[in-house]
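I opened my notebook for this one and went through it element by element. Here is the entry, with the structure pasted in.

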Amino acid sequence: MRLRNLIILTVIVPLFVVLVVFSLVAIKSMEDNVRSKLQNEVDMITHALSTTLGYAVARESDASLEEALEAAFSFHRIYGAYVFDTDGREIYGLGLGRELFSREEIQQVIADDELYGDYRQFEGWTYYSALKPLRTPDGEISGVLQVNRLNTGIENYTGFLSIVAGLVFVFGAAGIVLSIWWGFRQYIERPLNRLLMVMQRVEEGDRSQRANIEGPAEYRRLASGLNGMLDAMAEKDHDIEDRQQREIELEKRLRKSKKLAELGVLAAGVAHEIGAPLTVINGQAQRLARRDVIGDDERARLSRIRGEVERIVEIVRQLMELGRQHNVEKDQQPLDELMHNASALVEDELEPRGVHLETHLPRPTPTLLANGQQIIQVLTNLLRNAAQAEGVRHIRVRAEQQQHELHLWVEDDGPGIPTSHHQQVFDPFFTTKPVGQGSGLGLSMVHRIINDHGGTIGVFNSPLGGAGFEITLPLYDTTPA
């Protein structure tokens with residue numbers, strides 16, 4: 001059942017029933033009071049006249065009868081007065097309503113010897129008549145007095161008033177019900193329907209819906225509470241999406257770490273096998289270069305062979321480092337000192353290229369529990385990679401402490417790294433540099449070091465226009481991820 005119908009049935013209808021009963025009782029009580037007053041007045045007039053008329057009947061004096069009856073008309077709304085003998089015949093009378101009672105009824109009053117009153121209809125008029133036995137000074141009944149009063153006052157309209165009151169009540173009740181229905185529809189049902197529509201759209205998946213804060217104060221508070229709940233839900237959904245995205249990213253990084261570990265083990269095995277032949281080639285080239293019988297051209301070529309062998313040896317060393325299990329020895333390292341040492345190592349490479357290094361470190365400077373040499377190696381590798389990119393003139397390093405973690409960003413204004421390569425930049429031997437200018441192991445080593453410290457590293461497109469790397473490191477001791 002709808003709320004408005006329930007309110008009408010449980011509140012309005014019982015209230016109307018009580019009002020109807022109360023009105024009917026009030027009208028009935030008023031009618032009874034009016035009738036009682038009318039009867040009492042007629043009875044009192046009849047009592048007052050009966051003594052005088054009894055003496056007049058005993059003396060058989062028409063003049064006395066006429067004078068006494070005319071005195072009755074001085075009372076309010078007395079329209080008839082008659083005197084009958086003991087046989088019910090009229091002796092004398094004045095006014096209206098002479099034939100209201102039959103001779104038998106008059107004789108019955110004499111037989112009962114008491115006052116009798118009744119309402120009678122005659123010629124379209126309503127009378128109240130009282131019959132009173134008349135007594136002589138000796139106490140004998142000599143006749144009957146009839147006094148008639150015409151209902152021309154409010155008592156004659158009590159029935160009409162009841163009808164009018166009923167009609168007023170019906171139309172008033174209908175107006176009240178209509179007003180309640182309209183008010184309920186305008187100020188209760190419509191705001192509720194608007195709120196319900198918002199909730200239905202939210203249930204269908206449109207989480208952007210919000211209720212209009214309008215109407216009565218209660219509905220404004222309800223709409224505000226609903227909007228607050230929807231905002232909180234949206235915030236929770238956003239947090240869940242961010243968490244899911246971070247979990248997906250973490251899973252990708254874990255897969256990347258596993259892949260790098262497997263490649264590192266394979267690369268270490270290969271490096272071990274080719275290490276000895278490379279040593280022999282380098283030694284033989286050095287021997288040949290010492291002979292006097294060869295010319296300068298052959299000696300230059302042997303020097304180039306030895307340079308390439310040394311380059312291969314360096315790659316082999318890096319492969320060995322990449323695949324080896326590391327027990328990182330950590331101690332407290334101030335971030336500003338690590339950054340200062342790393343920038344000093346790459347200063348000779350930045351100045352000739354005209355690259356400006358900008359650093360933004362938090363104050364006070366946080367302290368890391370880390371291996372200082374390895375963190376410096378991470379920073380120098382990232383700074384060298386940025387400086388060696390084509391067109392780089394600005395490198396920015398930013399750091400921020402967030403709860404128990406340190407977030408570090410290294411960005412440049414170069415051409416950047418294509419988005420399609422973001423998932424490959426930490427793979428061994430992957431490089432975007434020309435052949436002979438990079439081994440593709442620098443970022444792999446960076447990834448391994450950060451991973452050994454229990455942190456994470458990712459690549460993004462920097463607002464400066466080039467590549468950006470985000471590093472997250474724990475400030476306290478953690479188990480490597």
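What follows is what I looked up, roughly in order.

**Overview**

I noted at the start that this is a predicted model. I counted nine helices and twelve strands in the protein chain. Of its 481 residues, 35% come out as buried. I also looked at contacts between residues at least 6 apart in sequence, and 63% of these join residues at least 24 apart.

**The sheet with β1 to β5**

I took the N-terminal sheet next. Its five strands run in the order β2-β1-β5-β4-β3, the sheet is open, and the pairing is antiparallel. I found β2 and β3 (116–122) at the edges with a single partner strand each, so one side of each has no neighbour in the sheet. On average, neighbouring strands here are turned by 20° against each other, direction ignored.

Helix α3 (residues 103–112) packs on this sheet, and I listed its contacts as β1, β3, β4 (125–135) and β5 (141–150). The direction of α3 makes about 120° with that of β5.

Then I zoomed in on one strand pair. β1 (residues 78–84) and β2 (residues 90–95) are antiparallel over five bridges. I checked two bridge partners: F84 goes with E90, and G80 goes with G95. Five residues sit between the strands of this hairpin, and G88 there has a positive phi near 90°.

**The sheet with β7 and β9 to β12**

The other five-stranded sheet I looked at is also open, but its pairing is mixed; I wrote the order down as β7-β9-β10-β12-β11. The edges are β7 (356–360) and β11 (456–461), and each has a single partner strand, so one side of each is left free of a sheet neighbour. The average turn between neighbouring strands is 15°, direction ignored.

β7 pairs with β9 (residues 394–402) in the parallel sense, over five bridges. Within that pair, T359 has V397 as its bridge partner. Helix α7 (residues 335–353) packs on the sheet and touches β7, β9 and β10 (405–412). I get about 175° between the direction of α7 and that of β7.

**Cores**

Which residues have the most contacts inside the largest nonpolar core? I got L368, L382, I395, F469 and I471, out of 38 residues in that core. Elements supplying at least two residues each are α7, β8 (367–370), α8 (372–388), β9, β10, α9 (442–452), β11 and β12 (467–474). α8 gives the most, with eight residues.

I picked F469 for a closer look and left out residues up to four places away in sequence. Its contacts include L382, L408, W409 and V410, along with I417, F426 and L443. F469 also touches I457, G458, V459 and F460.

Another core lies apart from that one; it has 18 residues, among them L38, V42, A56 and V147.

**Helix α9**

Is α9 enclosed or exposed? Ten of its eleven residues are buried, so I put it down as largely enclosed by the rest of the structure. The buried list holds L443, S444, M445, V446 and H447, then R448, I449, I450, N451 and D452. Just after α9, G454 takes a positive phi of about 80°.

**Cavities and a pocket**

How many cavities of 30 Å³ or more are there? I count three. The largest holds about 50 Å³ of space. Its lining consists of L335, L368, I375, V378, L379, L406, L408, I450, I471 and L473. α8, β10 and β12 each give two or more residues to that lining, and α8 gives the most, with three. I noticed that L368 and I471 turn up both in this lining and among the residues with the most contacts in the largest core.

Last, I looked at the second largest pocket, whose volume is about 540 Å³. I found 21 residues lining it, with E249, R253, T456, I457 and G458 nearest its centre. Elements that give two or more residues are α5 (217–290), β10, β11 and β12. The largest share, eight residues, comes from α5. G458 had already come up in my contact list for F469.

Definitions and conventions:
Residues numbered from 1 in each chain as written. Predicted model: local features only at pLDDT ≥ 70, side-chain atom pairs only at ≥ 80, totals over all residues. Heavy atoms only, no water. Pairing = 2+ DSSP bridges. Helix = DSSP H or I, 4+ residues; strand = E, 2+ residues; numbered from the N terminus. Axes fitted to C-alpha atoms, helices over the stretch in contact; angles between N-to-C directions. Contact = heavy atoms within 4.5 Å. Core = buried A, V, L, I, M, F, W, Y, C linked by side-chain atoms within 4.5 Å. Buried < 20%, exposed > 50% of the residue type's maximum accessible area, 1.4 Å probe, protein only. 1 Å grid on protein atoms, 1.4 Å probe; cavity = no way out; pocket = protein on both sides within 12 Å on 5 of 7 lines; lining within 4 Å. Points joined across faces, edges and corners; volume = space filled by probe spheres on them.
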